[in-house]
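Biologist: Got a minute to go through the loops with me? I'd like to hear about the odd backbone spots.

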Amino acid sequence: MRAHKESHLLVSVCLFLLFFSSHMSSTGPFSCRLRKQFNLNGMHKSGDIILGGIFEINFFTTSSEHFTSEPKDPICYGFDLIGFRQAQTMAFAVDEINRNSKLLPNILLGYSLYDSCVKLGISFRAALSMTSGRGEPFQLNESCYGNPPVLGIVGDTSSTRTIAVSSIVSLYRLPMVSYYATCSCLSDRKRFPSFFRTIPSDAFQVRAMLQILRRFNWTWFGLLVIDEDYGRHAARLFKSDLAQSGGSCLAYLEVLPQGNDMAEIQRIVGIMKKSTSRVVIVFAHPSNMLDLMEEVVKQNVTGLQWMASEAWIEDKVLRTPSYMPFLAGTLGIAIRRGEIPGLRDFLLRIRPDNDTLSSQDHNLVKQFWEHVFQCKFVIPGMEFEGQTLERLCTGNESLRNIETEFLDLSNLRPEYNVYKAVYALAHALHDIMQCVPGSGPFQGQSCASLQGLEPWQILYYLQKVNFTTDFGDQVSFDENGDALPIYDVLNWRWPPDGRAEVKNVGDVKEMASKIVHLILDEDKIFWNFEPKKPPKSVCSESCPPGTRMARKKDNFNEAKFITFSTLVFCAVWIAFIPAYINSPGKYADAVEVFAILSSSFGLLLALFGPKCYIILLKPEKNTKKALMGRGTPRS
């Protein structure tokens, strides 16, 4: 119910922002301008058709709003090379399509790419800028009316931001193809009619994990999830699938806190330490895992088999000498790896130019250059007082002369999804251009035209896209906008030389029949146990498969006492029969009275004695939380 109210509030906020930002004011009889122009980090390329993109390129923001003067836009910092590489992958895909004479011939694709700075408000600004334009005045005859300048968006990264942004762009029926948002809730066509994705939803990820659990007969495991849409929906899917399939049970289900709530993390790790379950599954982000692992190391919780969601399985920050004694042997689901020929040469040609240095609209290349070469550009109007500790950038530095993860293209996963998303939009546009008038899908069997192309017309063709990449992967969407699901299975190895490495040990895909097909090379899997075999983690006799151990069987359990009182009652009257038959005369009446009194007092004591004990002697247990068994689960 709470989530339902929050979604309504979110949509209300979206609509308010939409109205506020796209409200037009007249500067003359035939000239219009936007009410507000946002200053966003971005990269742009002109073309006949413009595609938009939203990427995480900076991790942090600073802002100050006192409302004594016009509020300034947030300043983003904490440059992320991988996020920038994902944005450049989109730029490369557009460039490659423009050079392809067989795909969209005689049509030039352009792009407008924005940095979300990992903030919902900035993703909103980017979405509104793409749907309403970047603020350039445009001449019209009588009114401020025109088609949206962007006809498709690639992004966003997180599920929470994607849910919010998709709520806005769906009002325009503007296609949005995400390369990283996995929440199963986004498959709801009624809420998100224009949403597609090239990454499988969490619904498939959960089914894939359950297949791995079954392969190793792990039927007794714990589940940790992050307190946001990504984690909450994963938890619901796990409980739903377990209830349907049976055969397994949850030892515990805990929600990892947002922020630095170390007391809660200590409590959760304490539960993990006491539990007899040897397997723990975690749906969380790397930042949440860092907080968790600090406490795992502190409490020395060893002997666990970790299973990772796609959000943290590839994170290098966790593969450190202090964490690997605990995390070695981790199995996890990863986005399908792909190869993109020509991307490296494209990245090596990146170079700042006059547009890059003079405009915030094109400033991402400038930020990248300063980050990689640890220097600063001097731009007109910018002066240093005294000496600066940072050396000055010339723009002539060479990317070929440095070692950087930016150019390590051996493990392209999100980038491959970005690449497929751009090509999906391009193929939809190409099919539009192939339409023959008189046999089109629209009213009167008409076709869409490039000059009057509407976003909803692209949706029709995007739903029917079906092509194969050069890497051999088929790309198409089902009725919910989900791509054909396939994941790689990764394993964290920790060989004797101490260098942690991640190996691909299989893949898991869903066939057209909805059957999950798992291929695992078990001989390649590194197990962090002695002997080097998978651990055993099975349901206890007191926890039947398909259930969850949720009550500290010493918490008040009325069913148990009702059963006990019934046994007392039955025992008294079973004993009464032979005693009554064998009692002569007046003693028979005494036996009957004794049976009535003892059975009555037995019922009263068994039913109400425990309640009185808790009320009078253990008042701290007389709470809803204690009675519902929300404390530490039984090990």
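Biologist: Where does Asn 106 lie?

Modeller: Keep in mind that this is a predicted model. Asn 106 isn't a glycine, yet its phi is positive, about 65°. As for its place, look in the loop between helix H2 (81-98) and E7.

Biologist: And is Asn 106 buried or exposed?

Modeller: The cut-off for exposed is over 50% relative accessible area. Asn 106 comes in at 82%, so it counts as exposed.

Biologist: What about Cys 117, buried or exposed?

Modeller: Cys 117 sits in the loop between E7 and H3, and it also has a positive phi, near 55°, without being a glycine. Buried means under 20% relative accessible area. Cys 117 has just 1%, so it is buried.

Biologist: Which residues does Val 118 touch, leaving out those up to four places away in sequence?

Modeller: Val 118 is in the loop between strand E7 (109-115) and helix H3 (120-132). Its relative accessibility is 30%, so it counts as partly exposed. With those sequence neighbours left out, the residues it touches are Glu 56, Asn 58, Phe 59 and Arg 161.

Biologist: How far apart in space are Val 118 and Thr 157, C-alpha to C-alpha?

Modeller: In sequence, 39 residues separate Val 118 and Thr 157. In space, C-alpha to C-alpha, the distance is 8.6 Å.

Biologist: What is omega for the peptide bond from Gly 155 to Asp 156?

Modeller: Asp 156 is in the loop between strand E9 (153-154) and helix H4 (159-169). The bond leading into it from Gly 155 is cis, with omega near -5°.

How values were computed:
Residues numbered from 1 in each chain as written. Predicted model: local features only at pLDDT ≥ 70, side-chain atom pairs only at ≥ 80, totals over all residues. Heavy atoms only, no water. Helix = DSSP H or I, 4+ residues; strand = E, 2+ residues; numbered from the N terminus. Buried < 20%, exposed > 50% of the residue type's maximum accessible area, 1.4 Å probe, protein only. Contact = heavy atoms within 4.5 Å.
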